[in-house]
Each structure stands twice: as structure tokens, then as C-alpha cells.
Amino acid sequence: MLASKTAQCVAFRPSRTGAVRVDAIAEMEPWRTARDTRSAAPGKISSTLNHLSLRVRKRNDLRHLLAQDLSSRPRRNRRSEAFRSAMRESFVTPANLILPIFVHEDSDKNVEISSMPDCYRLAYGQNVIDNVAEARSYGINQVVIFPKTPEHLKTSTAEEAFNKNGLSQRTIRLLKDKFPDLEVYTDVALDPYNSDGHDGIVRDDGVIMNDETVEYLCRQAVSQAEAGADCVSPSDMMDGRVGAIRRALDREGHTHVSIMSYTAKYASAFYGPFRNYREALREIRADEAEGADIMMVKPGMPYLDVVRFLRDNSTLPVAVYHVSGEYAMLKAAAQRGWLNERDAALEALTCFRRAGADLILTYYSTQAAKWM
């Protein structure tokens, strides 16, 4: 008896039209019965057809009895992939992605970054060109350059940052000569060149000298613009640096060069620490007032609320940095078979877009573009 009632319960389920449809097995039964009548005796055909007619009437009666009187049925707008695609609000394309590239001159070989599977420090020269060419073949036409400065060139005042023949500046020229339409972003900060490891110049008593650091950041940004950079990206978090860099660029005739400010840079377990929430809100207003062209949130997924805040409170484009810890987390889970890497990575990128980001810096750039 229990088995019979269970069969009755699962015999029907809601159809796409909101009425009741018979379970696939039950639906096929009349057609199998009708097929069998082809070889049945004439007396049996009439009985079979009557049985089939009765079942059809019963189905129509059930539809009439169970149909709901609903004026709004949202499932209508999800009825087909074509319609869902037309209505989709949040999607990612290669045009939204910025590829970070790490460059070194220690050897002529690419060096894998142990904590970031499938990511490499690229040997300056043809290896950089080949990597960018591959990304472009999948529709990515934006890169940001991070140089690895040799230890012997690092000083406490980081003068290598604005060396016109420095690794960053030469990489910019290399890429712009090969790919004139490539959008090249740079990192404006002193920590890659500072023997103290800080983004700012450190006084003997341990105090970071804000205004002196900003002067050097301006020199760095101008040298990058002279090399051909399209957008300079101050990540240092010194007070007043966006306005000072804008004035320095304009003074030297680089009014066409944009500034992407690391506006909201948070203390995070996913990379090195910087800001807390309330400080970042002040930075947002200051960067906009000082002439930033793009505002960035870093890291990404733990701070989607801040991405949304920027989107709702500024007309400037919003960028988000999908940082190394977020990337490594997905890679590690995928390598252990705990999740589908393609689906998880694309979902992560889509969530940035849904939160309001226009641009996404991610180490998944080329791989994600291939999946797209």
C-alpha cells in the first residue's frame, strides 16, 4: 500500500507551463500501448483506444483542477537559454580582464611561483611578448606590469623606481613597440625598489615620510608615462598622491595618461595588510576629488560590499583585484578534486561583475578567456 501511494505521489510533477504533467514513464505508456495495437486483434483495438481516451481526459481534468491562478509566473522568463542569455545582467568577457605579468632578469627562463600554480615570473624579452600574445589571441588586451628588482639595485630611497632604463620602463617600451594598441597599466609604489621593503621612504627613527615619498612617486609615474604607459596605478596609499601624480603628469604633457588608484586596499589574510574599512571610505572620496580615473578595491571576494559601495556612489569605473590568495585557494581546491575549477573561477569573476566591477585584475585572465 505504501509503495502504491509513493508511486502516485511521484507520478506527477509541475510542467514548464505551470500545470501538471505526467511522469516520463507514465507519459510513454499510452504511446507504447497505441504502438502495440498495430499487431493486436481487431476486437482488442477498440478497447485500447477507449482506455487511451479515458487517460487523456483524466490528464486534462487534473490540469484543470491543479492549475494555479497566477498572473505572474517568473519561470516564463527562464524558459530557454536564448531568453536567459538575452536578459542576463552580469557576465564576464575577456574585455573586462587585466592580466598581471611578473617580469625578471635573473635568467632567460620563466620561473614558476610556488604558491601560485600556473603563474610565472617571465624572463624579460621574448617570453614576455609570447605570454602577452597568447592572452591577446583570446581577447585580453590589458596588462599590468610588476617588475622584480635585483637586490643590488634596491636602496633606502628607491631611486631605481624612476630609472628610465629600469626593468618596468623597458618592459613598457617592449610591449608598446610590439603591440601598439595594448593597454598597459603600471604599478606606482616604492616597495619593489626599497631596501626597507616599504612603499614609502623610511626615516632613521622608523617614520614613513609621506610627502617625500609622494615626490618620488610622481617621478616614477612620469617615467612610466614617458616609456608609453597608458594608465599608472598608485598602490602605495600615501596621502595626497593621486592629486600630486595628476599634476606631475599634466605638467610633463601626459594629460592622456590615466590614473587607476588602489582606493580601498584592505588588511587581509589573502595578501599583505593595508587598510581598514573606515579609512578606505575616506580614500574613496579623496581619490575622486584628486583626479583618479579608475578606483580599485583590493582584495576582491572578501570585499564585494565595498565594490558595490563604490559602484553606487561614484561615476568612475571600478576595478577589483582578484589577489594571489584568492587564486591559490581555488587552485588548491581544484587540484584536490574538491571543486570544478572552470565553474568556480568563472563564478568568482562573475560575482565581481555583479557587485559592480568594470575591470578585474586576475591571474586567471588567460585561462578564463580560454574557457569563455
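How many residues does α12 have, and what distance does α12 reach from its first C-alpha to its last?

## Helix α12

The helix α12 (helices being DSSP runs of H or I with at least four residues, numbered from the N terminus) has 15 residues and reaches 21 Å from first to last C-alpha, close to the 21 Å expected at 1.5 Å a residue, where the expected span is 1.5 Å times one less than the number of residues. This is a predicted model, in which local features need pLDDT of at least 70 and side-chain atom pairs count only at pLDDT 80 or more, while totals for chains, interfaces and linings use all residues. Residues are numbered from 1 along each chain as its sequence is written, and side-chain values use heavy atoms, with hydrogens and water left out.

At its N-terminal end α12 is capped by Asn-340, a side-chain oxygen of which lies 3.1 Å from the backbone nitrogen of Arg-342; after the helix comes Gly-356, with a positive phi near 125°.

## Nonpolar core

The largest nonpolar core (buried Ala, Val, Leu, Ile, Met, Phe, Trp, Tyr and Cys residues joined through side-chain atoms within 4.5 Å) has 67 residues, and Val-143 and Tyr-321 are among those touching the most other members. Helix α12 gives the most to this core, with eight residues.

## Salt bridges

The model holds 18 salt bridges, each a side-chain nitrogen of Lys or Arg within 4 Å of a carboxyl oxygen of Asp or Glu. Arg-241 pairs in this way with Asp-236 at 3.3 Å between the closest N and O atoms, and both residues are buried (under 20% relative accessible area, with exposed over 50% and partly exposed in between, for a 1.4 Å probe and protein chains only).

Terms used: Helix = DSSP H or I, 4+ residues; strand = E, 2+ residues; numbered from the N terminus. Polar contact = N/O pair within 3.5 Å; in protein donor to acceptor, adjacent residues only side chain to side chain.
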